[in-house]
Each structure stands twice: as C-alpha cells, then as structure tokens.
Amino acid sequence: MLSKEILDKLNNQIDVEFYSSNLYLQMASWCESKNYTGAAKFLMEHADEEMEHMRRIFNYINNTGAQAIIPALEQPPIDYDSLPHVFKEIYKHECYVTSTINELVATTTAENDYSTLNFLQWYVAEQHEEEHLFMGIVNRMDMIEGSRTGLLMIDKELSASADARAAGTK
Ligand code: OFO
C-alpha cells in the first residue's frame, strides 16, 4: 500500500512524464517546420518513450490498488531559436526530470517503502542514460558552432539513431 505522500509524488511523476512527451512532440513539430526531419523523427520517437515511462507509473500505482490520476494538459513552448537551442532545453528538462525521480527515491527511502524504491531503480538508470544521450548531442552541436552543414550532418545522425532505436538495435 502506498502512503499518501508517495502516491501524490508518483501521480506528479505521471504529470512530469506526460509533459515530457508533449514537450518533445511539440519540439518535433518545430523541427519539422524548419526541415530538420531527422531531429523531428528522433524527437517523435522520444515522445513515445516518455508515454511508456508514464504508463509504467500508471500501472504501478493501479497495481497497488490506488488510483493513477491523468493530469490536465500544459502547453509546452512552441518557439525555439535554433536546433541547438531545442537540444539544450531538452538536456535542461531531463536534468529536472532526474531531480523529481531523486526526490521520489529519497521519499521512499525515508518511508522504508522498498517496493516503490525497487520500482524506481529503472527510472534512475534511465535518467542516467538520457542525460548522457542529450549531453552528447549538445556537445556535438557546440563543436560545430552553428555551421549549417554541421547541423544537417547531425540531423542525419539523429535520423539514423531514431531508426536504430525503433529497430531495437540501440
Ligand atoms: Fe526522459 O524522462 Fe522519462 O523518465
């Protein structure tokens, strides 16, 4: 059985994951409108992954006999200065998601809720991977210093990466 504080925090995490999905979908739309089709594909796939993250928590809550709550939609930002700006914002957002997971982990530890602590380990590992992934992309974009050719090359790499992830080879 979940304590009220942990249930509230897990429901808040549903909100965070939902928002992440919508944020990446909106960013994909921006990328597509600027002809960064590889980045758009990559971000759409990432939006789907965030929905899966949301569903894991949704199922976990309901499996304990409590009720998962679907949040109201919050409008993500729609305008970005450049492709590097999009990915810097994603990296910042992922660091925020990590902080919300860490807070949940700290609460489960304080309350001796080992079942939820065990459930959250997957998210701890996932956040490590995602911060690493997006930091790498931001660093590569910094290296090309806004060169159009460099950005198109990275866009192509993002497309290949999305294909590899979809095929389960990455
Ligand atoms: Fe990328 O955040 Fe989910 O967990």
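## Asp81 and Pro71 in the loop between helix 2 and helix 3

Asp81 is exposed, because its relative accessibility reaches 71%. In this predicted model, Asp81 sits in the loop that joins helix 2 (37–63) to helix 3 (83–110). Its C-alpha atom is separated by 22 Å from that of Glu131, a residue 50 positions apart from Asp81 along the chain.

Pro71 is placed in the loop between helix 2 and helix 3 as well. With a relative accessible area of 25%, Pro71 falls in the partly exposed class. When residues up to four places away in sequence are set aside, Pro71 touches Ile14, Asp15 and Phe18. Those partners belong to the stretch assigned to helix 1 (4–33). Leu23 is 48 residues apart from Pro71 in sequence, and the C-alpha atoms of the two are 15 Å apart in space.

## Loop residues with positive phi

Most residues other than glycine have a negative phi. Asn35 departs from this pattern, with a positive phi of about 70 degrees although it is not a glycine. Asn35 belongs to the loop between helix 1 (4–33) and helix 2, and its relative accessibility of 58% makes it exposed.

Asn112 also has a positive phi, of about 55 degrees, and it too is not a glycine. This asparagine lies in the loop between helix 3 and helix 4.

## Thr116 in helix 4

Thr116 is part of helix 4, which covers residues 114–143. Its relative accessible area is 0%, so Thr116 is buried. The side chain of Thr116 makes a polar contact of 2.7 Å with the side chain of Asp113.

Beyond residues up to four places away in sequence, Thr116 touches Leu2, Ile6, Leu10, Tyr60 and Thr108. Tyr60 and Thr116 are also both listed among the residues through which helix 2 and helix 4 make contact.

## Packing of helix 2 against helix 4

The axes of helix 2 and helix 4 come within 12 Å of each other and cross at roughly 170 degrees. Helix 2 is therefore roughly antiparallel to helix 4, the cut-off for that description being an angle over 145 degrees. The crossing of this pair is left-handed.

On the helix 2 side, the contact is made by Phe42, His46, Glu49, Glu50, His53, Arg56, Ile57 and Tyr60. Helix 4 contributes Ser115, Thr116, Phe119, Trp122, Tyr123, Glu126, Glu130, Leu133, Phe134 and Ile137.

## Packing of helix 4 against helix 5

Helix 5 comprises residues 148–166, and its axis comes within 11 Å of that of helix 4, with a crossing angle of roughly 160 degrees. Helix 4 is thus roughly antiparallel to helix 5. The crossing of helix 4 and helix 5 is right-handed, whereas that of helix 2 and helix 4 is left-handed.

The residues of helix 4 in this contact are Leu133, Ile137, Arg140 and Met141. From helix 5, the contact involves Met153, Ile154, Glu157, Leu158 and Arg165. Leu133 and Ile137 appear here and also in the contact with helix 2.

## Ala106 in helix 3

Ala106 is located in helix 3. At 46% relative accessibility, Ala106 is classed as partly exposed. The C-alpha atoms of Ala106 and Leu117 are separated by 8.7 Å, and the two residues are 11 positions apart along the chain.

## Cysteines

The count of disulfides in the model is 0. Cys31 takes part in no disulfide, and the nearest cysteine sulfur, that of Cys95, is 19 Å away. The closest cysteine sulfur to that of Cys95 is the one in Cys31, and their separation of 19 Å is too far for a bond, because a disulfide requires the two sulfur atoms to be within 2.5 Å.

The two cysteines fall into separate accessibility classes. Cys31 is buried, at 0% relative accessibility, whereas Cys95 is partly exposed, at 27%.

Notes
Residues are numbered from 1 along each chain as its sequence is written. This is a predicted model: local features need pLDDT of at least 70, side-chain atom pairs count only at pLDDT 80 or more; totals for chains, interfaces and linings use all residues. Side-chain values use heavy atoms; hydrogens and water are left out. Buried means under 20% relative accessible area, exposed over 50%, partly exposed in between (1.4 Å probe, protein chains only). Helices (H or I, at least four residues) and strands (E, at least two) are DSSP runs, numbered from the N terminus. A polar contact is a pair of N or O atoms within 3.5 Å; within protein, one must be able to donate a hydrogen and the other to accept it, and residues adjacent in sequence count only if both atoms are side-chain atoms. Contact means heavy atoms within 4.5 Å. Axes are lines fitted to C-alpha atoms, for helices over the stretch in contact, and angles run from 0 to 180 degrees between N-to-C directions. Angles under 35 degrees count as roughly parallel, over 145 as roughly antiparallel, 65 to 115 as roughly perpendicular and the rest as oblique. A crossing is left-handed if the near helix is turned anticlockwise from the far one by less than a right angle, and right-handed if clockwise.
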